[in-house]
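Me: Please take a close look at how the helices pack against each other in this model. Which residues make the contacts, and what sits around them?

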Amino acid sequence: MYTSHEDIGYDFEDDPKDKKTLKPHPDIDGGWAWMVVLSSFFVHILIMGSQMALGVLNVEWLEEFHQSRGLTAWVSSLSMGITLIVGPFIGLFINTCGCRRTAIIGGLVNSLGWVLSAYAANVHYLFITFGVTAGFGSGMAYLPAVVMVGRYFQKRRALAQGLSTTGTGFGTFLMTVLLKYLCAEYGWRNAMIIQGAISLNLCVCGALMRPLAPGKDEKDPAGRDLQIIPAHSTESVKTDGQQGRADEKEGNPGPEETLSELAGQACQEETGHRKNMCAFRVLKTVSQLTMRVRKGFQDWYSGYFGAASLFTNRVFVAFIFWALFAYSSFVVPFIHLPEIVNLYNLSEQNDVFPLTSIIAIVHIFGKVILGIVADSPCISVWNVFLMANFTLVLSIFILPLMHTYAGLAVVCALIGFSSGYFSLMPVVTEDLVGIEHLANAYGIIICANGISALLGPPFAGWIYDITQKYDFSFYVCGLLYLVGILFLLIQPCIQIIKQSRKKSMGGARA
């Protein structure tokens with residue numbers, strides 16, 4: 001997505017002609033590339049998995065602070081929403097610092113947000129510590145994980161992205177069980193401190209995101225330029241020794257004193273040289289950072305608001321409207337299902353096998369199966385994408401009608417499988433805007449999903465506060481989702497009609 005000079009191994013040079021043609025890196029589609037996939041897999045477990053399991057903490061916060069469901073749901077929504085909304089802006093950090101440093105800093109910020117949230121005195125405190133702080137840290141770690149997989153893979157990019165994103169499903173299952181256990185054994189405050197410590201593993205994942213750089217000649221393994229230090233040859237030493245003996249006979253200083261003076265002068269020269277080199281490197285680093293920030297901002301601005309703006313593509317604009325309504329229908333069940341289970345007196349059955357875990361597990365298979373079906377030459381990716389969306393919106397409408405654990409489990413399985421279309425979103429986006437605009441376009445879609453995740457759960461909570469039922473919450477979310485799907489259908493139909501009219505007019509003229 002975003003390009004960093006650090007991560008692809010380019011260096012700033014005075015003359016562009018001096019740049020050598022880069023050969024394909026041996027780690028492309030193999031070698032260390034699979035370690036990057038493993039790193040991205042664990043990032044999805046720790047970030048997306050934890051966020052999908054926040055329904056466990058949402059119940060604890062309702063009991064602790066005695067606030068409305070709509071207000072309490074804002075905590076989880078802020079964390080999910082900010083993680084995705086900041087995606088386009090994290091690109092500036094990636095261009096400046098690189099993916100590795102950005103992910104490590106994000107891991108530290110995310111862990112800090114979890115730990116500070118353990119000392120919350122009210123829900124408003126959680127808005128800042130967990131919603132904003134932990135959410136921003138999650139965004140800083142999440143985007144580099146997606147970007148680095150794309151850089152390390154060319155032929156197997158779809159497979160690599162699919163394997164790494166399955167961490168969301170595994171993470172939802174694992175984190176739901178873990179948070180329920182920690183809250184039961186240690187209380188939700190200590191559970192958040194422990195989760196903050198676990199989130200420090202994001203720094204380890206970031207460290208595995210090794211920059212993909214070509215081999216550099218005349219440099220040491222650490223990547224530093226080898227400095228040639230002047231040294232005396234053997235002949236000069238012998239000559240100095242003979243001269244020293246002659247001078248000693250004449251009463252001049254001996255060789256020991258001469259060598260000590262030469263060593264002192266060499267040390268002084270080397271110290272001055274090091275100071276000059278340090279100053280030069282500082283100036284060079286500042287210049288590089290300035291150029292990187294300027295170039296990154298220009299690319300970012302031209303992609304979003306320039307003459308070739310993506311917003312001139314009407315079908316893509318319809319895709320953005322779909323993204324604004326779609327993601328909330330997937331997030332709302334994760335946030336409110338634990339409380340719905342309590343209202344239906346199904347807690348014992350849900351403790352044995354949580355409904356959110358059913359969504360997570362089937363979601364993994366949904367991504368793989370839908371990806372295999374979409375890769376078939378006789379099936380359109382767009383058709384698979386639309387069918388999955390219709391299945392998901394139908395599941396959202398059916399969910400309020402189920403009041404038994406078995407019925408809810410079946411609907412949750414449908415939600416998990418149909419939501420596997422998330423793995424097809426980059427492919428559909430590329431079909432709409434082309435490969436050259438995929439990075440900026442996908443950033444906009446992620447941002448729209450973040451807005452949907454931010455507003456969806458509180459909106460559903462407010463509807464419950466008014467109606468005292470979750471039924472209307474799911475119905476309203478389903479209707480909005482259906483409107484988004486209609487946006488996807490209307491614009492292509494309009495284009496098909498226009499093309500058919502042009503063909504008919506051309507035939508009439510002929």
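Reply: The answer goes from the whole chain to two helix pairs, then to a few single residues.

This is a predicted model, in which local features need pLDDT of at least 70, side-chain atom pairs count only at pLDDT 80 or more, and totals for chains, interfaces and linings use all residues. Residues are numbered from 1 along each chain as its sequence is written, and side-chain values use heavy atoms, with hydrogens and water left out.

Start with the whole protein. The protein has 20 helices and zero strands. Both are DSSP runs numbered from the N terminus: helices are H or I with at least four residues, strands are E with at least two. Of its 510 residues, 47% count as buried. Buried means under 20% relative accessible area, exposed means over 50%, and partly exposed lies in between (1.4 Å probe, protein chains only). A contact means heavy atoms within 4.5 Å. Among contacts between residues at least 6 apart in sequence, 84% join residues at least 24 apart.

Now the packing. Two packed helices are described by the angle between their axes and the distance between the axes. Axes are lines fitted to C-alpha atoms, for helices over the stretch in contact, and angles run from 0 to 180 degrees between N-to-C directions.

Take α2 and α7 as one pair. The axes of α2 and α7 (residues 123-152) come within 9 Å and cross at roughly 150°. That angle makes α2 roughly antiparallel to α7. The cut-offs are under 35 degrees for roughly parallel, over 145 for roughly antiparallel, 65 to 115 for roughly perpendicular, and oblique for the rest. The crossing of α2 and α7 is left-handed. A crossing is left-handed if the near helix is turned anticlockwise from the far one by less than a right angle, and right-handed if clockwise. On the α2 side, the contact uses A33, V36, V37, S40, V43, H44, I47, M48 and Q51. On the α7 side, it uses S138, A141, Y142, A145, V146, M148, V149 and Y152. By class, that contact has 13 nonpolar, four polar and no charged residues. Ala, Val, Leu, Ile, Met, Phe, Trp, Tyr, Cys and Pro count as nonpolar; Asp, Glu, Lys and Arg count as charged; the others, Gly among them, count as polar.

H44 belongs to this contact. H44 sits in α2, which runs over residues 33-52. Its relative accessibility is 1%, so H44 counts as buried. Leaving out residues up to four places away in sequence, H44 touches G49, Y142, V146, S164, T165, G167 and T168.

T133 is another residue of α7. Its C-alpha lies 9.7 Å from that of L78, 55 residues away in sequence. T133 touches V109, G113 and I128, again not counting residues up to four places away in sequence.

Next, α15 and α17. The axes of α15 (residues 355-374) and α17 come within 6 Å and cross at roughly 35°. This crossing is right-handed. From α15, the contact takes L355, I358, I359, V362, H363, F365, G366, I369 and L370. From α17, it takes Y405, L408, A409, C412, A413, I415, G416, F417 and S418. These residues divide into 14 nonpolar, four polar and no charged.

Helix α17 itself has 14 residues (405-418). The expected span of a helix is 1.5 Å times one less than its number of residues. For α17 that should be 20 Å, and its end C-alpha atoms are 20 Å apart, which agrees. The buried residues of α17 are Y405, G407, L408, A409, V411, C412, I415, G416 and S418.

Y405 leads on to S347. The C-alpha atoms of S347 and Y405 are 9.5 Å apart, with their positions 58 residues apart along the chain. S347 lies in α14. At 25% relative accessibility, S347 counts as partly exposed. S347 touches V341 and N342, not counting residues up to four places away in sequence.

Last, a look at one loop. N345 is found between α13 (314-343) and α14 (347-352). Most residues other than glycine have a negative phi. N345 has a positive phi of about 60° although it is not a glycine. With a relative accessible area of 68%, N345 is exposed.
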